[in-house]
Each structure stands twice: as C-alpha cells, then as structure tokens.
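Trainee: Hi! Could you walk me through this one? I'd like to start with the place where the chains meet.

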Number of protein chains: 2
Amino acid sequence: MGGDAGPGMVVGGAALARERHPNLRFLLFGDEAKINPLLSRYRALRDVVEVRHTDDVVKSTDRPSQALRQGRQSSMRLAINAVADGEAGGVVSAGNTGALMAMSKIALKSMPGIDRPAICGFLPTLRGESVMLDLGANVDCDQENLVQFAIMGAAFARTILGLPRPTVGLLNVGEEEMKGNEAVKGAAAVLNKANLPLRFHGFVEGDDIAKGTTDVVVTDGFSGNVALKTMEGTAKLFTQFLRTAFGQSFLSKLGYMLAKPAMMALRDRVDPRHHNGGVFLGLNGVSVKSHGGMDDVGFATAIGLAVDMVADDLIGRITADMAEFSHHDVGPNDGVAVDGVTDDDDEARGRAIA
Amino acid sequence: MGGDAGPGMVVGGAALARERHPNLRFLLFGDEAKINPLLSRYRALRDVVEVRHTDDVVKSTDRPSQALRQGRQSSMRLAINAVADGEAGGVVSAGNTGALMAMSKIALKSMPGIDRPAICGFLPTLRGESVMLDLGANVDCDQENLVQFAIMGAAFARTILGLPRPTVGLLNVGEEEMKGNEAVKGAAAVLNKANLPLRFHGFVEGDDIAKGTTDVVVTDGFSGNVALKTMEGTAKLFTQFLRTAFGQSFLSKLGYMLAKPAMMALRDRVDPRHHNGGVFLGLNGVSVKSHGGMDDVGFATAIGLAVDMVADDLIGRITADMAEFSHHDVGPNDGVAVDGVTDDDDEARGRAIA
C-alpha cells in the first residue's frame, strides 16, 4: 500500500520481477478492493499471487513508535510477520521507512553482534556500482556501529556484487588520519587492525562516492542520507540543465536527435530505478525498502535485490563474518546459531510485499 | 603559495580579478623568486602589487595546531595579519584549509555572539545559486552553532546575493519535525520562534540543495562537507558519462558538434570555478578559501567574493543581526562595537593573498 504510486506500482513491479525470476511467488498485503482489479491486468501473476486483505495501513506521516503500537494489523506489519514466520523469503515495501525499519527490527530481530541495523543501497559510480551504508537508519553512530556497518557492507558487496574481497572506505571530511569526529577515527583504528574479508582503504570523501574509489562506503545515517539525496538532486539538476541546453536552438535540437541513442544509454546508466532498493542489513531476515517515488521498474529492482539476498544467503554470510570478527578481534565467539528466513526450502521462498 | 597550481594560479587569478575590479590592489605573500618572474607576464598588475617575501610556507599536510605554532612567518599567516592590521580588506588563500581557519580565528577573532566560525559557499541550483554552511569547519555542531550559522548565512545571502529576506533551510534526513538529531531539532525550534531578517523554511533534505528549495542551507561541517563533495563528484560522474555517450558513434559525435554551443553554456553554468570560494563567516575580517584544485579563473572568483564582502560590509551586517538576535531572543545586547577590516578608507582596501 506504500509509495507515491501505491498498489499499482507494487503489482506492476511484481509482474516485471516475475519475468526475470520465473519461480517467484508473492504474498500481497493490503486492500483487496484496490489490489484485485490491478491483478486482472497481469494474468501471468494470478497463479503466483496470494492477496491477504487488511484495511489497516501505516501512513507516511506515522511515527515509527505509533506504527509499532497501532499498526499490528497493517499491511506492512503483516508482510514483515510473513518473513519472521518463514512464509516468505523477504519483504519489500515502498512505505514509511521509519516504520518499516522499526517493525522489521521488532519482528526479525537484530543479528548477533549487531547493535543497530543499517540501510544499505547501491550508487552508480565511474567504475560501475558501489554499496553505501547507513543511508538513514541511525542519525547518531559510534565507532562500533561504523565497524559493524563495514562488516555488513563488505558481506553485501561480496554476495550481491560478487567481489571476493571488496574495498571499504569510511566517509570523512578529509583523507588525513587526524580528520573527522571521534566515531570515524575510532572505527578506522579498529578496521586497520581487524582481520576481515575486506580491504580497508581508510577515509574517503564525498567525491569518492561517485568516483567509485571503494566498493563499499561506510558512514552514519545522517551523512549517508544527505549524500544519497544530494546525489539524486545533483543528477536531476544535471538532467534539467541538459534538457535546457538541448532545447536552446534548432541545431542543438538536431544534435540531440542524432545523439539520442547514446543519450538514452546514459540515462539508463544513471537511472535511479536501476539502483533502487534500500536493504535493512543486520536483521535475521530480508527486508527491502523501495524508494517512495519509484514506478514499476524501480519496484521490480527492489524485489530483485531481495531475491538475490535470499538466493545467496547474505544473512548467513554476515552472521559468519560477525562471529569470526568477534572471535578474533573483540572477544570469544558467542556461538549463537542463526536460522533466519533463508532456509533451504525453495518452495517457501515467496516474497511478502506490503 | 597554496593550491595545486601554486603561485602561477594566484598571480593569474589576481590579474583576472583586477580586470573586473579596476581599483583592486594586492599584497602577495610568498617566495619572491617564484612570484616575481610570474608578475613579469602580467604588466597591468605590476603597479598594484606589492610582494612581501617570506621563505616560510604552511604545507597542505600540516596540522592546524602545528601551523599555528611554527607558521608565524608563513605566507598564510602574514597575509592574515595584514587583514588584522587593517593593511588589507581581506585575505584569499588556496592553501591548507584547517590552517587558514585556525590562523584566521586567532588573528581576526570571532565576532561577538559567534561561538564557532563556519565555512560558507555557493552551490549551483535549478533556481540559480544557493548558499550553504558549514562546509567543513566544525565536524560536531550543537543547536546554538546551527542557529548562528543560519543568521550568518542569511546575512551573506542578503549581502552577496542581494536577497532582502532569504529563505533558510536546516539540512536533515527528512522534513518531518520528529526527524534528525538533537542539534537540528533544537535549532529548528529556536529559528521557528526567532525574529530575524530571514524566512525559516524548516528542514530540507539533500536533494533540496540542488533544487534550490531555500536560498540558504544550514548544516554541521561534517554533513556540509560530505554534501558539497558529493555534488562535485556527481557532477564529474555525469560529465564523464556524457563524454562517453557523445563519443559512442559517428552520429552521436556529429550530434555533439551541433549541440556544442548549448553544451558549452551548460558547462559554464555548472562550472565549479564560477562557484569557487569558501568564506570563513563569523570572524572580524574577510578570509576566503579558494579550492585547492582551482585555476586562475576559479581563484579570481574567490577574490571577487572577498571584494564583494568588503564592499557590502558583510561583517557589519552579521554583527548587527547577531546583536539584534541576542537582544530579542537570548539576552541583553552586549553592546560590543566591532570595527573589523571594513573601515571607510577605500585606499586601505587591498587584498592580501597567501
């Protein structure tokens, strides 16, 4: 029920995702009076979708605490519960980010060794794609949080981008060791010494994000959110300027016509719909936030991300890395076994969508 | 002596700035063996430049504390002293930002009511230009700092952009009142009630910077620096993608040829050289940092900014606003009169350049 475009985008996105992943099955939570008519447009979906009706919806203006208390029967909460109960492999929602985060934390619980889950996503870079976290879950972070983000982000890059030993940079206001606040300085000291399946690059700056200096960029949720949205805004500014430039004269319009195929390829490359999907890392279950302003194509990208996370057992990998890290670098391995939503039963791998 | 391009850029920039402001005079501090041969290339400059030789230079790797202790005879410090002594109307440097900030603070002193000076600069937006601060002087900021930044940024926009009552936004991770850390929430509460020569818009997000939602964007130095550099990096990414797109085929190359005049206008609009200049606001004197990677054109922009600040008595305006604010909103007006570098003697208005 979430997102600016509502159920239409969710159903359309599910149909697109199903084309790419023919074994996908969906649980759709929400107002069946709205969902069912939409489904009639996508025949291929009908047999693989189960609609679970609920009248209750988390509003975009609800506080997370409010959503937790009053939203127990909301489409969002029921979708998350389906993951917690093992009915679905992951949940994808375009709704209220704070509420999705809070409910996912309560229902799916944090992984052993992770104090605070983070929102992780992809960004387009000169070299291809980078992973950045936290994109907005935690406005204040200490050095332990940042170290845990580094471990989770590296596992994400290994799993989803297929990089055996990703490089990790800590976002800062300069590259020199003395720069930055206590949290980044402390985290850098730990990451420099730790024996982890990643290469710690040191500090990176804002312009390193788009350069793709490192495969993973780690930062607190305030700066990460600011950086993400600043990139979005700058990309839109550039697109607008470009449109103005091409429309300026007959010759520039003709020039645009000739360069159009190349320009379309460019548009494709920076299209935020192809980098959509904020993943809540650090939970015992797959929970993905789709940007509220996305269309079908963007929502399908977020679904695809959830599929990859389940298929590649990302949660198992992070759990193993955290256990290894705490064993070698902090204290004894606490030996907690985690059996999240990524069980071996392929049949159970539907997607719950709020 | 600072910046990647060194004295050549400074002398070239001074020559360009002099073309636009024919009454400008310069004090150049540094190695005369390097500066004098450069001056021979710019005949118009000779009569309006005085070179003050010093062997001592602040290195880009020096810590601010180190520069303060050991750099008393450095080109940077002597240039700042010229402002403090009333010999120059302002100082412009492309050198070590931390050192320039620290030395400017010591030599020029903070204004009454300002706890921490901030770095303020221009950014290109859809609507034209916006002002943002702090761009990196203070990695940790409390609510008082942010309120003071808002007052200073608004005075800057009134003075330099000529806006009678600029809009001010506080950078945050969401627009809702409950979002963000304690500092931004507290600052918003104060700015909502205060009677100031600005319109407080409330919270803005990263994408609002490029949109130009507000004339002034206020944030802590960590997020501000990240946002600024993220914009730079994204602009470079876009430019690179565009170059690749246009180079892809014979037709796209031909298209580029036709659209070239329009593209050049675009390039001009987002050219960072035309938005160059980080101003240290909150000091009793004009101190401007030019980006280290700039050329003559960019350095001339930074000089022009210093000229405008002096000509429009920015420091007098901020002092008056702060006095008015503390009178009405915080406590009794402390009545301190400030006579910085902006005295009435036009003859004394040279520029000191490190």
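Mentor: Happy to. Keep in mind that this is a predicted model. A good place to begin is helix 11 of chain A and helix 11 (residues 250–270) of chain B, whose axes come within 7 Å and cross at roughly 145°.

Trainee: Which hand does the crossing of helix 11 of chain A and helix 11 of chain B have, left or right?

Mentor: Left-handed, for helix 11 of chain A passing helix 11 of chain B.

Trainee: And which residues in helix 11 of chain A meet helix 11 of chain B?

Mentor: From chain A, they are Leu251(A), Ser252(A), Leu254(A), Gly255(A), Tyr256(A), Leu258(A), Ala259(A) and Ala262(A). Facing them in helix 11 of chain B are Leu251(B), Ser252(B), Leu254(B), Gly255(B), Tyr256(B), Leu258(B), Ala259(B) and Ala262(B). The residues of this helix 11 contact divide into 12 nonpolar and 4 polar, with no charged ones.

Trainee: Let's zoom out. How many residues does each chain give to the contact?

Mentor: Chain A gives 55 residues, and chain B gives 55 residues. On the side of chain A that touches chain B, the elements giving two or more residues are helix 9 (206–211), helix 10 (221–246) and helix 11 (250–270). The largest share there, 22 residues, comes from helix 10 of chain A.

Trainee: What about charge on that side of chain A?

Mentor: The side of chain A that touches chain B has 10 charged residues, alongside 29 nonpolar and 16 polar ones.

Trainee: How are the two copies related?

Mentor: A turn of 180° with a shift of 0.0 Å along the axis lays chain A on chain B, with an RMSD of 0.1 Å. The two copies are therefore related as by a two-fold rotation axis. Of the residues of chain A, Gly255(A) comes closest to the rotation axis, with its C-alpha at 1.8 Å. Remember that Gly255(A) is also one of the residues in the helix 11 contact.

Trainee: Why do you say the copies meet through the same surface?

Mentor: Because 100% of the interface residues of chain A are also interface residues in chain B.

Trainee: New topic: what is chain A like on its own?

Mentor: Its secondary structure comes to 13 helices and 11 strands. Chain A is as compact as a globular protein of its length, because its radius of gyration of 21 Å is close to the 20 Å that the globule rule gives for 354 residues. Along the principal axes, the C-alpha trace of chain A spans about 60 × 55 × 35 Å. Of the 354 residues of chain A, 56% count as buried.

Trainee: Can we pick a single residue? Is Thr97(A) buried or exposed?

Mentor: Thr97(A) counts as buried, because it has 24 C-beta neighbours inside 10 Å and the cut-off is 20 or more. Thr97(A) is found in helix 6 (residues 97–108) of chain A. Setting aside residues up to four places away in sequence, Thr97(A) touches Gly136(A) and Lys289(A).

Trainee: Anything unusual to look at in the backbone?

Mentor: Try the peptide bond from Leu133(A) to Asp134(A), which is cis, with omega near 5°. Asp134(A) is found in the loop between strand 5 (128–133) and helix 7 (143–160) of chain A. In chain B, a cis peptide bond joins Leu133(B) and Asp134(B), with omega about 5°.

Trainee: And what is phi at Asp313(A)?

Mentor: Phi of Asp313(A) is positive, about 50°, although the residue is not a glycine. Asp313(A) lies in the loop between helix 12 (296–311) and helix 13 (314–330) of chain A. With 16 other C-beta atoms within 10 Å, Asp313(A) is partly exposed.

Methods:
Residues are numbered from 1 along each chain as its sequence is written. Chains are lettered from A and ligands numbered from 1 in the order in which they are written. This is a predicted model: local features need pLDDT of at least 70, side-chain atom pairs count only at pLDDT 80 or more; totals for chains, interfaces and linings use all residues. Two residues are in contact if their C-beta atoms, placed from the backbone, lie within 7 Å. Helices (H or I, at least four residues) and strands (E, at least two) are DSSP runs, numbered from the N terminus. Ala, Val, Leu, Ile, Met, Phe, Trp, Tyr, Cys and Pro count as nonpolar, Asp, Glu, Lys and Arg as charged, and the others, Gly among them, as polar. Copies are superposed by least squares on the C-alpha atoms of residues with pLDDT of at least 70 in both. The radius of gyration is taken over C-alpha atoms; the globule rule is 2.2 Å times the number of residues to the power 0.38. A residue is buried if 20 or more other C-beta atoms lie within 10 Å of its own, exposed if 12 or fewer, and partly exposed in between; C-beta atoms are placed from the backbone. Axes are lines fitted to C-alpha atoms, for helices over the stretch in contact, and angles run from 0 to 180 degrees between N-to-C directions. A crossing is left-handed if the near helix is turned anticlockwise from the far one by less than a right angle, and right-handed if clockwise.
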